[in-house]
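Reader: I would like a close look at one part of this model, namely its aromatic rings and what sits around them. Please go through them pair by pair, and end with any unusual backbone angles.

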Amino acid sequence: MKNLGIKAQLILLGILPITIVTIVLTAYSIRNSMHTLEDSLKDRGNVIATQLAPASEYGVVSGNLNFLQPLIQQAMSHEPDILSILITDQYGRTLAVSGRPIEQATADTAKQINTQLWELKDRLVFSAPVFKNTINIDDFTDESQIKRDLNNGAIMPVIGQVYVSMSQQRIVTIKQKLIARNLFFAGLSLCMTALIAWRIGRKISRPIESLADAVNRIGKGHFELRIDENSIGEIHTLQKGFNHMASRLAQSHDYLQDRIEDATIQLSYQAQHDELTGLVNRREFEHRLESALFSAKDQNYVHVFCYMDLDQFKIVNDTCGHQAGDELLRQISLILSNRVRDTDTLARLGGDEFGLLLENCTVDVAIKMVEDLRMLVQDFRFVHGDKIFRIGVSIGMVPITKDTISIGKIMATADSACYTAKDNGRNRIHVYEALDDELNRRQGEMEWVNRINQAIEDDRFCLYCQPIIPFKEFVEKPLIFEILIRKLDTDDKLIPPMAFIPAAERYHLMPLIDRWVIKNTFSTYRDYLNVNNIKTNHLFSINLSGVSLGDKYLLEFIKEQFEFYQVSPNNICFEITETAAIVNLTTTIYLINALKGFGCKFLLDDFGSGMSSFAYLKNLPVDFLKMDGSYVQDITHNDIDFAMVKSIHSIAEAMHIKTIAEFVESTEAVQLLKEIGVDYGQGFFLGKPVPLESILKNINQLDLII
């Protein structure tokens, strides 16, 4: 039923009940007819036998065979179903017979006084007794005896038997014809019923199938389809409702299609333009750069790409908030877009960075156009509330010619040129040239960015340390080891820090490096000291960059490392430069006090390099003061340097801060520093950097070695 169509289901529902009723009625009719035929045959056979019995009395009593034979012949001629008739006397002896032989009954059977029936395979045999009548039929009868028998209730004596054999063949034939006729009429009835059901089903199913087909086509997008409303009743309601639904669907489809087209246009615009400024975004700009590069290589055109970075934008953001910064970007975008040519492309590349593509433009013409834009931004004043800001823009320019390698190279070169403009004083233009030493240096630093990130990811750094030796041999003065970092090249060659630290500082990678140093120093300390349960009072000094000092999550990171590696804070010292401490003075003081609360020490490096070193020193609760090496390296032949070292030591001593002199490179320098009273010295003369593992392996013998 599940896989049948509606027409087949309707026909089946119409035929099935009638088929069941027809089968039941036909079976009932055949059964009753067959019973009727059988009963009729039995009745006729019984009647013939019972009628022949009294008619045969005379012949049986008198033994007149000539009377009996015609009698049975006449009976057989009137009844075609009789196969044979047999008349016997009371002893079972045949008196008359006609037709097919009948097996004579036994002696007991011959004396039966009741009618008998035998049902054989192909016939029925009936028997009826022949009684001797009590009426006198001759003069020899003893009337007194007859009266005596009747008065005594005696039964009439059986003097013979009549046997009638009836054929069932005609009944079987009639049965077969009856069954065939009934089945014929039943089949005819079913066919007519099926025809009627088919016609009715087709009339009902055609509009429903039409509806189903229309729904299927509507589902495939043929919303213009309509069907004829040619039915009545509920189906007409369905047809009318379908056409109404199709009309509404067509209207909705057209409406949605218009909305989709509008949304597609909007999404396409949004995919190509910056949401804040409405300018072309970075992705679309790079696509247009790619087209410009292709035309430069294919048709020898010359274009110019300008990378523009706003100066002082961070001040506006920090002072007035991001909403003011966004408004500034919108106003700058409007000013610049109104002054570029229709053939040029101005884009916002991200943050406060803009890109300008000048197509079919020489470098000389581009410089004049870009200078006008720079002056326009320079003369602009951004007003927010009661504050007025002056904005500048640094611009890096790169020509796009047939010799230009790729879009990536264009972007990287322009970015470097822009930062060169910033380094040269901001609010100016720097044009890339092939022999640009400053630009090549910056590009080299940018290449280091990828190498540093890869080294951090692949763990290709290693730790060295350099001893800081006490000049006065007091027990309370521990050895100090400054932790130094080296990079391992792909061939495991050591790369000194000054090869990659400037790039890391410029591109804000120092926090990652600082965290790597802290984590791996603590890990190495645990592996060599804590595991072997070795105690020491020596200090390990870890440098922190200025950017890390401004990291509000650094303190939590250091605390986690102390807890994880179980390193004693009493053996750790953090080293910061004077310049970095002054720039982040508030956060630096907070970090120093927090870590000193755990037991850590702090060392202020490069002291004396600033103009206000002494003014800031009293606000920094440090334990060690490392003098700027420029004063120490010439102390043996420069009286001013000697005086500066002496002055710094005197101030530090008054503040109970231990002093350290770096760049100690001779015995004479050691003697002078001892005379001044400097507490520690550091330099290749006193000890070169060595792997941290080698120091930790021999930590117990260090006092004897140094």
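Author: What follows takes the ring pairs, then the charges over rings, then two backbone angles.

The model is predicted, and the values below should be read with that in mind. Searching the whole structure gives 12 aromatic pairs. One of them is formed by Phe481 and Phe540, whose rings are stacked, with 5.7 Å from centre to centre and 25° between the planes. The angle counts as stacked because it falls under the cut-off of 30 degrees. Phe481 belongs to strand S14 (residues 480-488) and Phe540 to strand S16 (residues 539-543), so this pair ties together parts that lie 59 residues apart in sequence. Both Phe481 and Phe540 are buried.

Another pair, Phe624 with Tyr680, is edge-to-face: the centres are 5.9 Å apart and the planes are at 80°. That angle is over 60 degrees, therefore the label is edge-to-face. Here too the pair links distant parts of the chain, with Phe624 in strand S19 (residues 624-627) and Tyr680 in strand S21 (residues 680-681), 56 residues apart. Phe624 has a relative accessible area of 6%, which means that it is buried. For Tyr680 the relative accessible area is 1%, so this residue is buried as well.

Ring pairs can also join into a group: Phe461, Phe500 and Trp516 are linked by them into a cluster.

Next come the charges over rings. Arg486 lies over the face of Tyr464, at 5.4 Å from the ring centre. Arg515 has its charged end over the ring of Phe557, 4.7 Å from the centre of that ring. Both contacts qualify because CZ of Arg has to be within 6 Å of the ring centre, and within 35 degrees of the ring normal.

The last topic is the backbone. Asn427 is not a glycine, yet its phi is positive, at about 50°. Asn427 is found in the loop between helix H12 (407-423) and strand S12 (429-431). With a relative accessible area of 21%, Asn427 is partly exposed, because the buried class requires a value under 20%.

Gln566, likewise a residue other than glycine, has a positive phi near 55°. Its place is the loop between helix H17 (554-565) and strand S17 (572-577). Gln566 counts as exposed, at 55% relative accessibility, because the cut-off for that class is over 50%.

Technical notes: Residues numbered from 1 in each chain as written. Predicted model: local features only at pLDDT ≥ 70, side-chain atom pairs only at ≥ 80, totals over all residues. Heavy atoms only, no water. Phe/Tyr/Trp six-rings, centres within 6.5 Å; stacked < 30°, edge-to-face > 60°. Helix = DSSP H or I, 4+ residues; strand = E, 2+ residues; numbered from the N terminus. Buried < 20%, exposed > 50% of the residue type's maximum accessible area, 1.4 Å probe, protein only.
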